[in-house]
Amino acid sequence: MRKFIQWIKGHFLYKKRYHINIFLFFVTFLPVISIQLFNYEKTSEMLLTKNHSLLADNLQLTQNSINNVLTDYKRILFQISTDVTCMDNILELSKVSPDSAEYRRISESLETYIKANILMYPEIQALCVISTTGTPYIYVQKRQKTQPIIDYFEANKEELNHLLLSSTRSIIGSIHDGSPYYDPEHPVFFLGSRTIHYEKMKITGSILLFISPDKMNAAINNPDSQVYPFTDKLLVDSSGRLICSKDRHTGKILNSLENYKGIDWDSLSSDSGDMQGDYLVSQIPLEHFDLHLVNIVDYRQMTKDLEALWTTITLAISAILLVAMLVAYVLCHKFIFSIENVAAKMNLFDENHLDVKIRNMSRNELRIIESSFNRMLGQIRGLLDENKQQYKKICEAE
């Protein structure tokens, strides 16, 4: 152990070449890397602050966009549920049985009116009407995709009718993932309200629109956007179920999403957002149906390119500094080696080693020191020889 400590002292504590390397490290490499890390930290903080502001602005724009879509659906719902001709048909519907010829006539009249109102909205998969007596009518646009809707309506029409008749407001819901009629390939949500014959001031029944979320999803999650890969906007109802999302999770409960298990949904703030693990999350309420728009930004994914850039810059600077230190070491090597050579020869010179001589290797100012040292040693040897001769003569004379 003592020998190792002595070796360390001899090679690192007292050798100038290592002193120079350590000096170069502390005055070049370490400060530059420290400044780069500080710069990265401050840039990340500023970027996060700016992203909060951009997120708030983006949420406002998305809110306006989705409100426009919901306004269209609400307008269709209002037009159909208040039209006098349609309400007359629903009143007549309550007086007939589904297997009668009169029912078929009413159905044809309702179908004509419904087609005229939803023709420009292909995302509306089905429209269902229920009279106050429970007589149903359903119109579907594409039966191959809407069979689960038909089955769901037939199984839950009484419950839905009771819910709509007892509510003074329009409602929104979805065929959730726990239902046997849930179709993950073609999820749907529904809008509903009770129907009123305003001329007779009488409630005639209820109406439901079953809608594919694709159009609303495109309005809030634009696949052509540059931020699409690392953002996800979710439309959530008051019960915490998804109406639409980028991954088509309509009908699922918010807390069941596997991708966002680390997010505390109950503690979300509005507009500016909160950091929840790797995600920047915020929410904002919508004007219609007691909905909330939740925006999730995968912050690590978003800053991945920036982190890669900073890592590349740091590695490049480190490589440049290391090369510079290596070049400085090589350039100083001969100078340091010459000094060490002179020191070694001076350390060897004693009365038993009078023949020490330094070969002139340097081509700079150290050559003068080497030559002077050789001359000094020659003079010392000459003086010692002269002293020996004089001593011999004195001994002979005595």
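A search of the whole structure, which is a predicted model, finds zero disulfides. The tour therefore opens with two individual cysteines, Cys128 being buried because its relative accessibility is 1%, under the 20% limit. Select Cys395 next: with a relative accessible area of 36%, this residue counts as partly exposed.

**The largest nonpolar core**

Now select Tyr73, Tyr137, Phe189, Leu191, Met216, Leu235 and Leu291. These are the residues with the most contacts inside the largest nonpolar core, which has 40 residues. Helix H2 supplies the largest share of this core, with eight residues. In soluble globular proteins, nonpolar side chains tend to be buried together.

To examine one member, centre the view on Leu291. Leaving aside residues up to four places away in sequence, Leu291 touches Leu70, Ile172, Leu235, Val236, Asp237, Ile243, Pro285 and Leu286. Among these contacts, Leu235 is itself listed with Leu291 among the residues with the most contacts inside the core.

**The second core**

A second core of 17 residues is separate from this one; select Cys128, Leu164, Ile175 and Leu208, which are included in it. Cys128 thus returns here, as a buried residue at 1% relative accessibility.

**A nonpolar patch on the surface**

Finally, turn to the surface and select Phe78, Tyr198 and Met201. Together they form a nonpolar patch with about 390 Å² of accessible area. Phe78 lies in helix H2, which spans residues 16–82. Is Phe78 buried or exposed? Its relative accessibility is 53%, and because the limit is over 50%, Phe78 counts as exposed. Helix H2 therefore holds this exposed patch residue and also contributes eight residues to the largest core.

Notes. Residues numbered from 1 in each chain as written. Predicted model: local features only at pLDDT ≥ 70, side-chain atom pairs only at ≥ 80, totals over all residues. Heavy atoms only, no water. Patch = residues over 30% accessible without salt bridge, like charges linked within 9 Å, V, L, I, M, F, W, Y side chains within 5 Å. Areas by Shrake-Rupley, 256 points an atom, 1.4 Å probe, with all protein chains shown as cover. Salt bridge = Lys/Arg side-chain N within 4 Å of Asp/Glu carboxyl O. Helix = DSSP H or I, 4+ residues; strand = E, 2+ residues; numbered from the N terminus. Buried < 20%, exposed > 50% of the residue type's maximum accessible area, 1.4 Å probe, protein only. Core = buried A, V, L, I, M, F, W, Y, C linked by side-chain atoms within 4.5 Å. Contact = heavy atoms within 4.5 Å. Disulfide = S-S within 2.5 Å.
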